[in-house]
Each structure stands twice: as C-alpha cells, then as structure tokens.
Amino acid sequence: MDFKRKLGFLPTPSTPPVNVPSATLPSAPLPSEQVLEGVDPAPSIIDQLRSKMAEILERPLVLAPPAAPADPSETALPFVREETPNGPIYRRHSILPPSHHVGRIPVDSAYQSRPELLALLALDPSLSGVDLGRALFLDTETTGLGGAGAIAFLLGLAWFDDEQRLHVEQLLLRSPGDEPPMLDVLNERLARTELLVSYNGKAFDWPLLKGRYVMNRREIPRDLPHLDLLHIGRRLHRARLGACRLKTLESEVLGFERGEDVDGGDVPARYAHFLRTGDEEALRQVIDHNAWDVVSMAALVGLYGEPFDLMHAEDLVGFAKTMKRAGALSVAERAADRALELGAKSALKVRGHVHKARGDRARALQDFESLAESLDDPSLRLELAKLYEHFVKDPGRALEILQLGTGEAESAAEKRRQRLERKGKKPG
C-alpha cells in the first residue's frame with residue numbers, strides 16, 4: 001500500500017478490528033448427588049470421569065490444522081525481507097519530499113530549526129551545538145510496558161539526507177528471534193547520529209532498547225544528546241490541552257487528523273495475535289501508527305524551532321515561561337509580546353516576571369496591575385503586595401492587597417501583615 005496514503009496524503013481505507021477469540025470454559029452443571037427412593041443411584045462423579053477418560057482414550061487422535069506461518073516468504077505487509085549474517089530482517093523504507101506537511105507544518109523545517117532554541121526549550125545546554133541534519137527520530141512499538149521480557153517488535157526511524165528529504169524506515173520482527181539484525185541496523189544508524197529525538201523516549205524507548213542490547217550480549221550504544229519532545233510539549237501545551245499525547249499535539253498543535261488509529265494499549269495484544277495466528281491484518285494499523293509518530297516528531301521540531309508565527313497564543317505563553325526559566329529573557333519577552341498581540345492576556349503575568357527579573361520593577365508593576373483587574377489570582381496579588389511594599393513604598397496599599405488573599409501560608413501572611421502594619425504606623 002502506498003506509504004503516502006499512510007501518512008495522510010490520501011484517505012486510508014478503514015481496517016476492520018481484529019477479533020481475537022477468547023477461550024471459554026465448559027459450564028455444564030454437576031450431577032445431583034441426591035438418591036431418590038425407587039430410583040437407581042446416579043453414578044458418582046468419579047465414575048463419570050472414568051467413563052469419559054475411557055471414551056477419550058478410545059478415540060483416534062485428530063490434529064488441528066497448523067496456524068499460518070509467522071514468517072512467510074511472501075507478505076502482504078509493506079516490508080521487504082533482507083537476509084543478513086545474523087538472520088532475516090523485514091525493512092520498509094520511504095523518502096518524503098521536502099514539500100511533505102504534517103498538517104500545516106512542513107517536515108523539512110526540522111532540518112532548519114535552531115538547536116540553541118531547542119536547547120532552551122529542553123532546558124538542556126548539551127543540545128545547543130548539535131547538527132539537526134544528523135538527528136535520528138526514534139519510536140518503538142513493544143510487547144509491554146517494560147521489564148526484561150519486553151521487546152521492541154517494530155522500530156520506527158527517520159533522518160534527513162543532504163537534500164533535506166526525510167527518510168522513514170521501519171524494522172519489523174516477524175519473530176522475536178530476529179532481534180539481532182534489528183539491533184545491527186540500529187547500530188548503523190546511531191553511528192551517523194548526533195542527536196536522538198523521541199516522544200517519551202528518555203524514560204521508555206531508549207532504556208528498553210539498551211536493555212535489549214544487554215539481553216543479546218551486545219555492547220550498549222553510547223548515550224547521545226537526547227531531545228525528548230514530551231517534556232517540551234508539556235511545558236508549552238499542557239495549560240491549554242491538558243494531557244499531551246502525541247496524537248493530541250498532531251490535532252491541536254499541528255492541525256493534522258490521523259483518522260482511525262490503534263490505541264497504544266492494544267498494540268501488544270495485536271502482536272501476540274499475529275505471532276499466534278500469522279494474521280497480518282492485526283499489524284496494519286500498528287505500522288501506520290508508528291510511521292505517523294516519527295514523521296510528526298519532525299514536524300514538531302520544525303514548529304518549536306520557529307514558533308512565533310505558527311504557535312497558538314496560549315502555547316506562546318508556555319513558551320515564554322520556559323524561556324524565562326532558561327534565562328533567555330529577551331526571547332521570553334518577545335514570546336509574551338506576541339502572545340498578547342494574539343489575545344492571550346495571561347502573557348502579562350509572564351512579561352511582568354521577565355521585567356522583574358531584569359530589575360525593571362515599574363514595568364513589572366504595570367503588567368501585574370493590568371492583569372489583576374480581570375484575573376482573580378492570589379499569586380498575582382502576592383507579587384503586587386511585594387512591589388507596593390518594597391518598590392512603591394506604600395505599605396497601606398500592600399496591606400489592602402494582602403487582605404484580599406495572596407496564597408501564602410498563614411504564618412507567612414501573618415508575618416507580612418505585622419510588618420506592613422508597623423511600617424504604616426511610622427511617621428512619613
């Protein structure tokens with residue numbers, strides 16, 4: 001099936017859900033143990049079991065037909081079998097043109113992103129000098145949530161060539177015994193990589209893959225600078241979107257709708273069903289899901305590298321907060337200004353904190369007061385109380401604000417109240 005159809009160029013025909021039959025237990029009632037008068041007693045349970053076993057032993061042995069092989073020479077899945085010294089590998093490889101978009105974001109924009117800005121968003125200075133042209137986007141589909149027994153049966157990788165085209169490669173284990181050649185291919189990709197990009201890969205995908213090297217008695221690859229987009233997504237989008245699943249960011253941030261997609265919790269069961277029966281249809285949606293993930297990561301990197309004209313106003317507020325936290329005050333102010341232009345009044349609070357960090361308390365007071373007129377925020381009143389006490393030197397006004405509630409612990413608020421009352425009683 002055409003890979004462009006899988007990535008959203010063309011509508012994907014829906015795949016019927018895979019029904020995995022479950023075993024049922026016999027539910028016949030036990031025979032009554034009562035003996036009625038004038039009626040021969042029923043045979044005991046032991047006698048019935050003996051009779052049943054004798055009947056079974058006299059039957060000819062009938063073998064069930066074998067399941068379809070899990071590793072056929074020909075497959076309807078979009079993979080090509082390749083023979084390697086360590087066994088067969090099933091590989092799918094496609095090249096997306098620079099014009100390919102995920103929603104409104106071109107994937108090649110990731111190639112041109114500024115690593116220093118990504119480093120600030122990630123709060124990780126080690127990312128500032130990496131070459132985005134040598135990034136490896138990585139995602140796995142696994143047999144479970146972790147532990148020594150969990151394996152990555154589908155590995156999705158993506159990288160850019162010198163023409164800024166995104167290569168998408170997927171490696172499938174049709175049998176868990178084919179894991180060594182998958183690790184060989186991953187080694188080859190990592191040798192040409194400066195930066196790993198994942199979505200929750202720091203906590204899940206990468207530790208799991210390193211564990212598979214250990215289980216296969218192979219040298220563990222060296223750790224590379226790692227950009228985990230989940231952490232950035234939470235900092236920028238959680239206030240607006242809540243849970244920051246990658247599929248949610250695709251829809252609400254990138255403007256791309258996957259359509260029918262497999263739930264992550266169903267993936268292990270689908271692979272187990274495939275191994276048991278050879279039913280390839282169980283894996284089609286899993287394969288599409290994996291490909292969408294790695295391509296969407298590239299689009300997110302492109303957006304985060306150039307956020308000011310493409311990001312939602314409320315997300316720019318999160319961007320400004322992160323920049324302020326990273327110490328990039330000029331970038332934080334620019335993001336807050338842009339968010340205000342787009343109508344996000346909450347950016348006033350961030351901008352006020354930026355002014356305060358620069359020592360410009362007059363502008364900080366102006367921003368905090370402007371927002372306090374329309375927002376009931378105890379933490380905002382605390383900032384105003386501090387500024388009126390220490391900058392404006394107006395303890396009376398600070399006391400009025402304190403009495404409205406500042407969210408402080410009761411002991412801290414009482415200490416502040418007593419201090420402001422003492423200052424208010426002093427002669428001017």
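In the predicted model, G405 follows just after helix α15 and takes a positive phi of about 105°. Helix α15 itself spans residues 395-403, and its buried residues are P395, A398, L399, I401 and L402. These five positions cover an arc of only 160° around the axis, which means that they lie on the same side of α15. The spacing of such positions can be understood from the geometry of the α-helix, which has 3.6 residues a turn, so that residues three or four places apart point the same way. The buried residues of α15 pack against two other helices, namely α14 (378-390) and α16 (410-425).

A comparable description applies to helix α8, which comprises residues 267-277 and in which V267, R270, Y271, H273 and F274 are buried. These residues cover an arc of only 160° around the axis, and they are therefore placed on the same side of α8. The elements that cover the buried residues of α8 include the strands β5 (135-142) and β6 as well as helix α9. Just after α8, G278 takes a positive phi of about 75°.

Positive phi values were also found outside glycine. Most residues other than glycine have a negative phi, and two exceptions are described here. Q164, a residue other than glycine, has a positive phi near 65°, and it is found in the loop between β6 (152-160) and β7 (166-172). Q164 is partly exposed, with a relative accessible area of 23%. N200, likewise a residue other than glycine, has a positive phi near 70° and is found in the loop between β8 (195-198) and α5 (201-215). The relative accessible area of N200 is 29%, and this residue is therefore classed as partly exposed.

Two pairs of helices were examined for the way in which they pack. Helix α11 (residues 329-341) and helix α12 (residues 347-358) have axes that come within 9 Å and cross at roughly 155°. Because angles over 145 degrees count as roughly antiparallel, α11 and α12 are described as roughly antiparallel to each other, and their crossing is left-handed. On the side of α11, the contact is made by L329, S330, A332, E333, A336, D337, A339 and L340, while α12 contributes A347, L348, R351, V354, H355, A357 and R358. The residues of this contact between α11 and α12 divide into 9 nonpolar, 2 polar and 4 charged.

The second pair consists of helix α6 (residues 229-241) and helix α10 (residues 313-326), which pack at an angle of about 140° with their axes 7 Å apart. This angle falls in none of the ranges for roughly parallel, roughly antiparallel or roughly perpendicular, and α6 and α10 are therefore oblique to each other. The crossing in which α6 passes α10 is right-handed. In the contact, R235, L236, H237 and R240 of α6 meet E314, D315, G318, F319, T322 and R325 of α10. The residues of the contact of α6 with α10 divide into 2 nonpolar, 3 polar and 5 charged.

Two individual helix residues illustrate how burial and contacts can be read together. G305 has its place in helix α9 (residues 281-305) and is buried, with a relative accessible area of 0%. When residues up to four places away in sequence are not counted, G305 touches S113, R114, L117 and L118. The C-alpha atoms of G305 and A110 are separated by 7.3 Å, although these two residues are 195 residues apart along the chain. T248, by comparison, is found in helix α7 (residues 246-254) and is partly exposed, with a relative accessible area of 24%. Leaving aside its neighbours within four places in sequence, T248 is in contact with L241, A243 and V253.

These local features belong to a protein chain that has 16 helices and 9 strands. Of the 428 residues in the protein chain, buried residues make up 44%. Among the contacts in the protein chain with a separation of 6 or more, residues 24 or more positions apart account for 65%.

How values were computed
Residues numbered from 1 in each chain as written. Predicted model: local features only at pLDDT ≥ 70, side-chain atom pairs only at ≥ 80, totals over all residues. Heavy atoms only, no water. Buried < 20%, exposed > 50% of the residue type's maximum accessible area, 1.4 Å probe, protein only. Helix = DSSP H or I, 4+ residues; strand = E, 2+ residues; numbered from the N terminus. Arc of directions from axis to C-beta. Contact = heavy atoms within 4.5 Å. Axes fitted to C-alpha atoms, helices over the stretch in contact; angles between N-to-C directions. Parallel < 35°, antiparallel > 145°, perpendicular 65-115°, else oblique. Left-handed = near helix turned anticlockwise from the far one by under 90°. Nonpolar A, V, L, I, M, F, W, Y, C, P; charged D, E, K, R; others polar.
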